[in-house]
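Hello,

Here is the structure for your files. My notes follow below it.

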Amino acid sequence: MAGKKVVIIGAGCGGLAAAALLARDGYAVTVLEKNAAPGGRARTLKTNGFTFDLGPSWYLMPEVFENYFARFGRKVGDYYQLKRLDPNYRVFFGDGQVDVPADRRKIGELFDRLEPDGGKKLDRFMQSAEFQYRTAMKSFIYRAYRSFFDFFNWEIITKGPRLHIFEGLDRYVRRFFRSDRIRKILEYTVVFLGGSPDNTPALYSIMSHVDFNLGVWYPDQGMGSVVSALNKLGKEHGVELLLNQNVLRIESENGLAKKVVTDKGNFAADIVLVNADYHHAETALLAPGDVSYSAEYWTSRKMGPSAFLIYLGLKNKIKGLLHHNLYLDPSWNEHFKAIFDKPAWPEAYSYYISCTSKTDASVAPFGGETLFILIPVAAGLVDTPEIRKKMFSQTIAHLEKLLGEDIKNNIVYQQIFAQRAFALAYNAYKGTALGLAHTLFQTAIFRPSHRSKKLKNLYYTGSYTHPGIGVPMVLISAQIVSDLIRKDHVL
Ligand SMILES: Cc1cc2nc3c(=O)[nH]c(=O)nc-3n(C[C@H](O)[C@H](O)[C@H](O)COP(=O)(O)OP(=O)(O)OC[C@H]3O[C@@H](n4cnc5c(N)ncnc54)[C@H](O)[C@@H]3O)c2cc1C
């Protein structure tokens with residue numbers, strides 16, 4: 001018989017992943033989700049014959065997904081099939097383009113073409129990135145933290161200097177390479193972490209190991225397959241998922257969360273786990289006396305960017321694109337400044353274009369193409385219909401010029417999702433797409449705690465918590481928090 005009652009607020013990947021683990025362990029788990037579909041930022045939109053992944057589109061770190069399913073004695077392949085992409089992606093520089101191949105040796109050859117001895121320099125860079133990745137995975141990614149001493153453990157102290165925790169990524173990359181193009185290829189990955197090359201620790205060059213060695217993958221039918229798999233796994237273990245349940249508050253008594261109140265009803269709980277944005281839970285769901293962090297704490301956080309997203313269904317094929325494409329503009333530094341230092345809508349900008357129909361015929365009608373364009377922009381900007389119109393036409397015109405192909409006249413479906421849409425759909429603070437950036441003081445022990453500091457049975461999971469942003473990280477966060485709950489509340 002199911003034991004203590006866990007109520008989870010939010011059916012993002014973090015909430016769904018934790019729900020399945022806790023249900024497997026014998027807890028009676030109910031997930032309350034405000035939207036009409038599970039998946040949170042990783043939801044899917046199916047319309048007019050097109051399938052769009054609304055948020056994540058890069059399936060990275062496949063071993064993390066395998067580790068998660070292994071906890072159930074399952075394999076990823078029991079739920080969806082993966083295909084390794086080759087090339088990994090195409091990079092447009094405005095005055096030229098390169099394809100980054102899946103074969104690591106060939107990446108060395110590409111770097112040789114971009115800079116004298118580029119391949120040898122890459123070998124040295126990658127040795128360090130792999131060492132950092134392995135140390136991080138072993139020593140601090142899969143860990144829960146209670147104190148500084150948990151973080152500064154022996155491994156970190158002895159290997160600390162080689163982990164480059166205290167150096168910015170941009171300075172670090174410059175120590176290896178002079179080529180502007182190489183630096184951009186190695187640094188664009190920080191956008192995945194919600195940061196900029198100078199506010200992200202060099203430790204995150206681990207992303208180059210993730211990108212070049214572990215590879216870029218595609219789950220059949222897109223990232224929505226991951227959400228479906230987590231949902232199915234939960235159902236197999238008895239998770240109750242209730243959609244269209246907007247949580248209004250978490251009520252407490254004597255230092256314990258007692259009840260979760262939604263617009264549809266009340267849910268008594270022995271344990272409450274928040275997967276919704278941390279800031280939202282603290283400022284809108286909890287009584288002021290029950291919050292773990294002050295208002296000043298939140299205003300002083302470095303938020304990851306918001307995003308201006310364009311979803312396009314096209315009736316024709318676009319020749320110049322691969323599955324993943326990056327346009328890296330000469331205004332690189334100014335664009336990062338407009339995101340992090342002086343928040344403003346950028347005049348010129350880099351952007352990412354996903355075209356999943358290059359790999360998967362099921363996501364677009366025959367002869368058509370499914371396009372998703374992402375422009376990182378500062379959190380907290382005001383987006384008006386005029387700005388949306390301007391950004392949309394400027395981006396489409398730029399892409400048409402870049403590719404020398406007609407896009408505008410072939411659009412059969414279009415949708416914009418930006419700023420206020422993130423706040424509306426996910427209760428995202430300042431409309432952030434990703435949550436808290438991975439600056440040094442927002443990494444590991446410095447991220448908001450998995451355990452509430454006030455209520456003994458209140459927990460948090462998802463991208464605001466350690467280890468952070470991205471679907472693989474959120475799966476790890478779900479494992480950390482479910483282990484904590486099991487330890488604290490033995491059945
Ligand atoms: C545009 C974009 C591109 C991305 N690209 C990638 C990528 O390529 N690869 C990658 O790995 N990651 C990527 N990410 C990051 C990744 O999607 C997220 O880090 C991850 O999905 C976050 O999961 P989560 O469970 O923490 O939160 P969420 O997905 O935000 O889930 C939280 C859930 O809580 C719900 N909720 C909020 N408030 C309430 C309430 N009051 N009541 C009930 N429910 C509530 C929300 O509706 C949501 O469903 C991307 C994100 C975005 C936005």
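Helices (H or I, at least four residues) and strands (E, at least two) are DSSP runs, numbered from the N terminus. On that basis the protein chain has 16 helices and 19 strands.

Two points on the source. This is a predicted model: local features need pLDDT of at least 70, side-chain atom pairs count only at pLDDT 80 or more, and totals for chains, interfaces and linings use all residues. Residues are numbered from 1 along each chain as its sequence is written.

Overall shape. The radius of gyration (over C-alpha atoms) is 22 Å for the protein chain, which agrees with the value near 23 Å for a compact globule of 491 residues. The globule rule is 2.2 Å times the number of residues to the power 0.38. The C-alpha atoms fill a box of roughly 65 × 55 × 45 Å along the principal axes.

Burial. Of the 491 residues, 49% are buried (20 or more other C-beta atoms within 10 Å of a residue's own, with C-beta atoms placed from the backbone).

One sheet. It is open, antiparallel and has 3 strands in the order β10-β11-β12. Strands pair if DSSP finds at least two bridges between them. β10 (247-253) and β12 (266-268) stand at the edges with a single partner strand each, so one side of each lacks a neighbour in the sheet. Neighbouring strands are turned by 25° against each other on average, direction ignored (axes are lines fitted to C-alpha atoms). β11 (residues 256-262) pairs with β12 over 3 bridges, in the antiparallel sense. Val-260 stands opposite Phe-267 in β12.

Best regards

Definitions and conventions: Axes are lines fitted to C-alpha atoms, for helices over the stretch in contact, and angles run from 0 to 180 degrees between N-to-C directions. A residue is buried if 20 or more other C-beta atoms lie within 10 Å of its own, exposed if 12 or fewer, and partly exposed in between; C-beta atoms are placed from the backbone.
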